[in-house]
Amino acid sequence: MLKYSKIKNFIYMAYVCTNCGVEYPKWQGKCDSCQEWNVLAQFTPVAKSAMPQNLANNGRPAHLSRPKKLEEIEVTTNARLLSGDAELNRVLGGGIVPGSLVLLGGEPGIGKSTLLLQVALQLKQVKVLYASGEETESQIKIRASRITLFSPNCFLLQENSLTQILKHTGDLQSVILIIDSIQTLYCEEDEGAVGSMTQIRSCTTRLLFYAKRYGVTVFLIGHINKEGVLAGPKFLEHMVDTVLQFEGDKQCLYRMVRTIKNRFGTTSELGIYEMKATGLHAVTNPSAMLLANHHHVLSGIAIGACIEGTRPLMIEIQSLVTKTRYGNPQRNATGYDPKRLTMLLAVLEKRARLCVNDCDVFLNITGGFRSDDTALDLAVCMAIVSSLKDKVITHSKCFIAEVGLGGELRSVQRTEHRIAEAAKLGFKEVFIANQNQQSLTSLNIKIRPSAKIYSVPTRG
Ligand code: TYD
Ligand code: MG
């Protein structure tokens, strides 16, 4: 039998689900926890003895930790650091939290490196170390000169070794550490190739301990895979404090940063940027931007209002309904949930007695925008009806309501904020659910309440 002291430092091989992080002693085809197939990968856990001193216990020596009563605990409200980028401050929940670990994911070429380099150069008052394993220092300098920003406190480092990066962070006493990207990082003490799950997991663990122990905020750039989710194990998202996702069409000038998870603020917050020759610029009036190309002369276009985080946004919904020539009718949605589109088409067919079952339906939210807000249901239905009947909806109308399975219009949250935004942008008429009517204050816009989808006029 092995003695306990020998077992303690014994490094064993395990298999870990790359989707949910559950460990198994031997390989199997399916993960019992998340029911996904072919997601198990070999993994060598970090031996405790290999951890940097004092970092194995969340930054505290083991003998100092003890259970405390609630009243004993002092709340330290660390002042947030304002990043000089109002949109980033918004998605982080009001600024950078010292000692937090933030993960920024997104497709290649969407602007992750540009955004974080901008942040590093805008934060002139504190030392920032930008460590890149992807680009050379001169490449980063060329990008910095493109975005025409300069900071005497921004340091660049071309390095893949985490040990070296942490050593330089300590030597420089930098307050912010930016890692571009977590997939190019490696730690000599762990096995596995650069970008392997073992390396990603152990580097993130070490960075987490480092951030908590020394109060350094760490921004990690993460790649996303072809399915559109963050590459690497799901537990990467569980470990970090905040997950930000860069979204938008690369063909489009507009880019959005969405909060997926935030331990220090609300989720679903959205920051909107425009990619220009001089870097990413915050968009101050996003509704006006999203409606900029609204020509009002085509059928199949309706305007709806969604809420993203704390802000109401007016968005344009386009639809094209054509008779199916061959095969099964197609349903294609860009920026909108395809299942919800199918449900709304069934409601239109059954409750409003419109023949959409033998039609191909294409739906698009313009500007590369994506929303799951059910308040857009009515606008989606109206865009489809407008295209089906080839009748233009006049430019002064907008639609704010959820549509139920019975074809009834349902009230949505914060209708008054959405209507105020519509009034601000010059809309003259807004169609809402009957139940929402009482809560409305007088605004310079005509309110048209309806109970059922088929009582909303489709002409004009
Ligand atoms: P990048 O930030 O390198 O994307 P990521 O790190 O997510 O892979 O670059 C984004 C794209 O933006 C790149 O194709 C070039 C373009 N770009 C501009 O249009 N203007 C600029 O000022 C900069 C720096 C980049
Ligand atoms: Mg990059």
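Let's start with α3, since this helix gives the lining of the second largest pocket its largest share, three residues. Keep in mind, everyone, that what we have on screen is a predicted model.

So who else helps to build that lining? Along with α3, which covers 112-122, at least two residues apiece come from α4 (137-146), β8 (217-223) and β11 (270-276). The space inside the second largest pocket comes to about 360 Å³. There are 21 lining residues, and those closest to the centre of the pocket are G109, G111, T114, R143 and M275. For those of you who think in chemistry, the lining holds eight charged residues, seven polar ones and six nonpolar ones.

Now, what sits in there? The second largest pocket is where we find ligand 1. The elements that contribute two or more residues to the shell around ligand 1 are α3, α4 and β11. Here α3 turns up again as the top contributor, giving three residues to that shell.

How many residues surround ligand 1? The count is 16, and the closest are G109, S113, T114, R143 and G279. Sorted by class, the shell has five nonpolar, six polar and five charged residues.

Let me zoom in on some of the contacts. Take S113: one of its polar side-chain atoms is 2.6 Å from an oxygen atom of ligand 1. Next comes T114, where an N or O atom of the side chain lies 2.5 Å from a ligand 1 oxygen. With G279 the backbone does the job: a backbone N or O atom there is 2.7 Å from an oxygen atom of ligand 1. As for how much of the ligand is covered, ligand 1 on its own has 560 Å² of accessible area, and the protein covers 76% of that.

Before I hand over, two spots in the backbone are worth a look when you have the model open. As a reminder, most peptide bonds are trans, and most residues other than glycine have a negative phi.

Which way round is the peptide bond from D180 to S181, cis or trans? That bond is cis, with omega near 5 degrees. You will find S181 in the loop that runs between β7 (176-180) and α6 (197-214).

The other spot is T148. Its phi is near 45 degrees, which is a positive value in a residue that isn't glycine. To find T148, go to the loop between α4 and β6, the strand at 154-158. And α4 is a helix we have already met, as one of the elements in the shell around ligand 1.

Thanks, everyone, and do speak up with questions!

Key: Residues numbered from 1 in each chain as written. Chains lettered and ligands numbered in written order. Predicted model: local features only at pLDDT ≥ 70, side-chain atom pairs only at ≥ 80, totals over all residues. Heavy atoms only, no water. 1 Å grid on protein atoms, 1.4 Å probe; cavity = no way out; pocket = protein on both sides within 12 Å on 5 of 7 lines; lining within 4 Å. Points joined across faces, edges and corners; volume = space filled by probe spheres on them. Helix = DSSP H or I, 4+ residues; strand = E, 2+ residues; numbered from the N terminus. Nonpolar A, V, L, I, M, F, W, Y, C, P; charged D, E, K, R; others polar. Near = heavy atom within 4 Å. Polar contact = N/O pair within 3.5 Å; in protein donor to acceptor, adjacent residues only side chain to side chain. Areas by Shrake-Rupley, 256 points an atom, 1.4 Å probe, with all protein chains shown as cover. Sits in = over half its atoms within 2 Å of the grid points.
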